[in-house]
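Colleague: I should be grateful for a close look at one part of this protein, namely a metal site and its setting. Please take the model shown here as the basis.

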Amino acid sequence: AKEAGRDQLVSFDPTLREKRLEAARTTERLRRAIVRDELIVHFQPLIRLADERITGVEALIRWQPPGQRMVPPDKFIGVAEDSGLIVPIGAWVLRESCRVVAAWHREHGTVVSVNVSPRQLREPDFAATVLDALRGSGLPPVALILEITEGVLVDSGAVTEQAIGHLSMLRAHGVRVAVDDFGTGYSSLAYLRDLPIDHIKIDRSFMPAPGDTDPAARTLVKAIIDLASGLRLGTIAEGVETAEQVALLRDLGCQRAQGFYYSRPVPADDAARLILESSTV
Ligand code: C2E
Ligand code: CA
Ligand code: CA
Ligand code: CA
């Protein structure tokens, strides 16, 4: 009775009710989108700053309903997480990314980063799903990077054992782990030393804005890069949009960069072309 009472209260709030209906509609459309093959993966190059060659790509999901505008992930990943649809969607992204990049890896040594949502890491068979995707595609485990957020490893101060179990197991096979959006999660830094990770991706909010001469911006980026290097973690700067940012990152010893300055996320055919050009210059 208590439950029903609470539900009723919620239903009488018109905005909340609207939001729930909207989420339910999106869930239904998304369920159909999976069956109808409307999901696609775009790839954004990751550039090694030492020689400005493409060494990898990040797989970024898109939803292309026929005859409509492409739906960006921010509009449906949240709904997919709440409904659990992120589990089959995430497994598909893994298979598709491994399949596409296997050929690029054979030719050019390209590696692929795939985003993994916290919900996926709560599945008991997550590690098996990843290994199946690798075996099915022929992509070697060392060519796969899983991008996770800090919250996956540390949840309100406590280490999340199941996620760490999956990631440790996969790392034993050679798969690499990157902490995405580093610096935005407010968790303690101790986990950087103790947990199964290989790279950090410096969130784009740390990139100094064009014309920003405030030394504080540089200080923050430098501190993150020094911290990561000291712990022997790889560094990837996200959201790099200008030549000034590239110069700064080089100067500070950041290893890789990703952002509109080099390329937007593009369909697989375009990414293949960019990788080929990058390997022949
Ligand atoms: P993210 O993992 O932080 O991905 C980077 C986002 O920044 C991408 O947005 C990319 O298009 C955008 N970006 C790249 N370079 C620049 C730049 O220079 N400037 C600016 N302003 N933005 C840049 P996108 O593709 O819309 O993806 C948004 C988020 O959706 C991702 O953030 C990720 O959290 C999530 N996402 C995307 N694909 C997947 C997926 O397959 N699975 C899961 N679980 N999440 C995904
Ligand atoms: Ca990411
Ligand atoms: Ca990110
Ligand atoms: Ca993000």
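How far apart are the calcium ion (ligand 3) and the calcium ion (ligand 2), and which residue coordinates both?

Modeller: The model is a predicted one, and the account below should be read with that in mind. The two calcium ions, ligand 3 and ligand 2, are 3.9 Å apart, and the residue that coordinates both is D180. D180 lies in strand 7 (residues 176-182), while E238 lies in the loop between strand 9 (234-237) and helix 11 (243-251), so this pair ties together parts of the protein that are 58 residues apart in sequence.

For the calcium ion (ligand 3), the protein donors come from D180 (OD), D181 (OD) and E238, the last of which is listed with OE twice. These donors lie 2.1 to 2.7 Å from the ion. Along the sequence, the donor residues of ligand 3 follow the spacing D-D-x56-E. As to the surroundings of the site, D180 and E238 are both buried.

The setting of the site may be described next. The protein has twelve helices and ten strands. Its radius of gyration is 20 Å, close to the 19 Å that the globule rule gives for 281 residues, so the protein is as compact as a globular protein of that length. The C-alpha trace spans about 65 × 40 × 40 Å along its principal axes. Of the 281 residues, 44% are buried, and D180 and E238 belong to that buried group. When contacts between residues at least 6 apart in sequence are considered, 66% of them join residues at least 24 apart.

Turning to the surface, the protein exposes about 14800 Å², of which carbon and sulfur atoms supply 53%. One nonpolar patch there is formed by L189, L227 and L231, which together have about 230 Å² of accessible area. Among these residues, L227 lies in helix 10 (residues 215-230). L227 is partly exposed, its relative accessible area being 31%; patch residues must have over 30%, so L227 meets that cut-off.

Charged pairs complete the picture. Side chains of opposite charge can pair when their charged atoms come close. A search of the whole structure finds 16 salt bridges. One of them joins E18 to R25, with the closest N and O atoms 3.7 Å apart. Both partners are partly exposed: E18 has a relative accessible area of 42%, and R25 has 43%. These two residues also belong, together with E22, to a network of salt bridges.

A further salt bridge links the side chains of R53 and D51, at 3.9 Å from N to O. Here R53 is partly exposed at 27% relative accessibility, and D51 is likewise partly exposed at 36%. In another pair, R193 forms a salt bridge with D194, the closest N and O atoms being 3.0 Å apart. R193 is exposed, with a relative accessible area of 62%.

To return to the part you asked about, the calcium ion (ligand 3) has donors from D180, D181 and E238, and D180 is the residue shared with the calcium ion (ligand 2).

Conventions
Residues numbered from 1 in each chain as written. Chains lettered and ligands numbered in written order. Predicted model: local features only at pLDDT ≥ 70, side-chain atom pairs only at ≥ 80, totals over all residues. Heavy atoms only, no water. Donors = N, O, S within 2.8 Å, 3.2 Å for Na, K, Ca; no water. Helix = DSSP H or I, 4+ residues; strand = E, 2+ residues; numbered from the N terminus. Buried < 20%, exposed > 50% of the residue type's maximum accessible area, 1.4 Å probe, protein only. Salt bridge = Lys/Arg side-chain N within 4 Å of Asp/Glu carboxyl O. Patch = residues over 30% accessible without salt bridge, like charges linked within 9 Å, V, L, I, M, F, W, Y side chains within 5 Å. Areas by Shrake-Rupley, 256 points an atom, 1.4 Å probe, with all protein chains shown as cover. Rg over C-alpha atoms; globule rule 2.2 N^0.38 Å. Contact = heavy atoms within 4.5 Å.
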